[in-house]
Amino acid sequence: MKRAESREAADSAFFGDDPLTFLPQADLDLNDSKYLNLLIHALSRIPPGTPPIRSIRKVRLRKRGSLEGLVGLTRFLMADYKTRGADVDELGRHIVTFYTGLLSQLSDPSVVAIIAHELAHAWLNEHVRPEESRRREREADILAEKWGFGEELAALASETEPVDQ
């Protein structure tokens with residue numbers, strides 16, 4: 001589903017000031033309205049004033065990932081990694097993939113937690129220099145919690161087994 005179509009298909013209850021502006025360059029390849037609505041819901045809860053993620057070029061759904069237990073993955077395809085003051089086109093791009101095979105077994109709050117966690121990965125990669133951010137998984141959870149997704153992260157923890165990091 002392309003960006004313009006996603007605005008028409010999404011549940012209008014989640015729209016405030018157009019949460020999609022947090023992902024200004026993203027092509028949304030989401031052919032399932034449930035996950036589109038959960039993405040928009042998560043985006044609408046990012047605190048106002050948080051700088052957008054300009055490096056995400058695609059958000060997509062796939063049936064399953066290559067690793068067992070994989071529900072979401074943020075990949076950074078690097079062109080050059082300079083942050084402060086650099087044009088994002090010079091930075092490379094993120095592709096965020098969510099895997100519906102396992103997501104479909106989780107509650108909506110847990111899916112929102114996964115969405116927030118993957119967005120936090122991309123945000124950290126764009127706004128924090130690599131040497132300042134070494135423990136990526138934990139830091140993505142900390143940022144998602146700071147954005148207000150604590151209840152959703154707790155729901156996810158109660159529905160899943162811990163992953164060795």
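Asp 108 counts as partly exposed, because its relative accessibility is 37%. In this predicted model, the side chain of Asp 108 takes part in a salt bridge with Lys 34, in which the closest N and O atoms lie 3.5 Å apart. The two residues belong to distant parts of the chain, since Asp 108 is found in helix H4 (residues 108-127) and Lys 34 in helix H2 (residues 33-44), with their positions 74 residues apart in the numbering. Lys 34 is likewise partly exposed, at a relative accessibility of 33%.

The salt bridge just described is one of 4 that were counted in the structure. Another is formed by Arg 62 and Asp 29, whose closest N and O atoms are 3.7 Å apart. Because Arg 62 lies in strand S2 (residues 56-62) and Asp 29 in strand S1 (residues 27-29), this pair ties together parts of the chain that are 33 residues apart in sequence. With a relative accessible area of 34%, Arg 62 is partly exposed, and Asp 29, at 24% relative accessibility, also counts as partly exposed.

A further salt bridge joins the side chains of Glu 152 and Arg 45, with an N to O distance of 2.5 Å. Glu 152 is part of helix H6 (residues 150-159), whereas Arg 45 sits in the loop between H2 and S2, so the pair ties together parts that are 107 residues apart in sequence. The two partners fall into separate classes of accessibility: Glu 152 is buried, with a relative accessible area of 11%, while Arg 45, at 25% relative accessibility, counts as partly exposed. The cut-off that places Glu 152 among the buried residues is a relative accessible area under 20%.

Attention now turns to the aromatic side chains. The structure holds 2 aromatic pairs. In one of them, the ring centres of Phe 22 and Trp 147 are 5.9 Å apart and the ring planes stand at 90°, so the arrangement is edge-to-face. Phe 22 is located in the loop between helix H1 (3-9) and S1, and Trp 147 in the loop between helix H5 (136-146) and H6, so this pair ties together parts that are 125 residues apart in sequence. Both residues are buried, Phe 22 at 7% relative accessibility and Trp 147 with a relative accessible area of 6%.

The other pair consists of Trp 123 and Trp 147, whose rings have their centres 6.3 Å apart and their planes at 85°, so that this pair, too, is edge-to-face. Here Trp 123 comes from helix H4 and Trp 147 from the loop between H5 and H6, and the pair therefore ties together parts that are 24 residues apart in sequence. Trp 123 is buried as well, with a relative accessible area of 15%. Taken together, Phe 22, Trp 123 and Trp 147 form one aromatic cluster.

A last set of results concerns His 94, a residue of strand S4 (residues 92-99). Because its relative accessibility is 0%, His 94 counts as buried. The side chain of His 94 is joined to that of Ser 55 by a polar contact of 2.6 Å. When neighbours within four places in sequence are left aside, the residues in contact with His 94 include Ser 55, Ile 56, Arg 57 and Lys 58, as well as Thr 74, Arg 75 and Phe 76. Ala 122 and Asn 125 are also among the contacts of His 94.

Methods: Residues numbered from 1 in each chain as written. Predicted model: local features only at pLDDT ≥ 70, side-chain atom pairs only at ≥ 80, totals over all residues. Heavy atoms only, no water. Helix = DSSP H or I, 4+ residues; strand = E, 2+ residues; numbered from the N terminus. Buried < 20%, exposed > 50% of the residue type's maximum accessible area, 1.4 Å probe, protein only. Polar contact = N/O pair within 3.5 Å; in protein donor to acceptor, adjacent residues only side chain to side chain. Contact = heavy atoms within 4.5 Å. Phe/Tyr/Trp six-rings, centres within 6.5 Å; stacked < 30°, edge-to-face > 60°.
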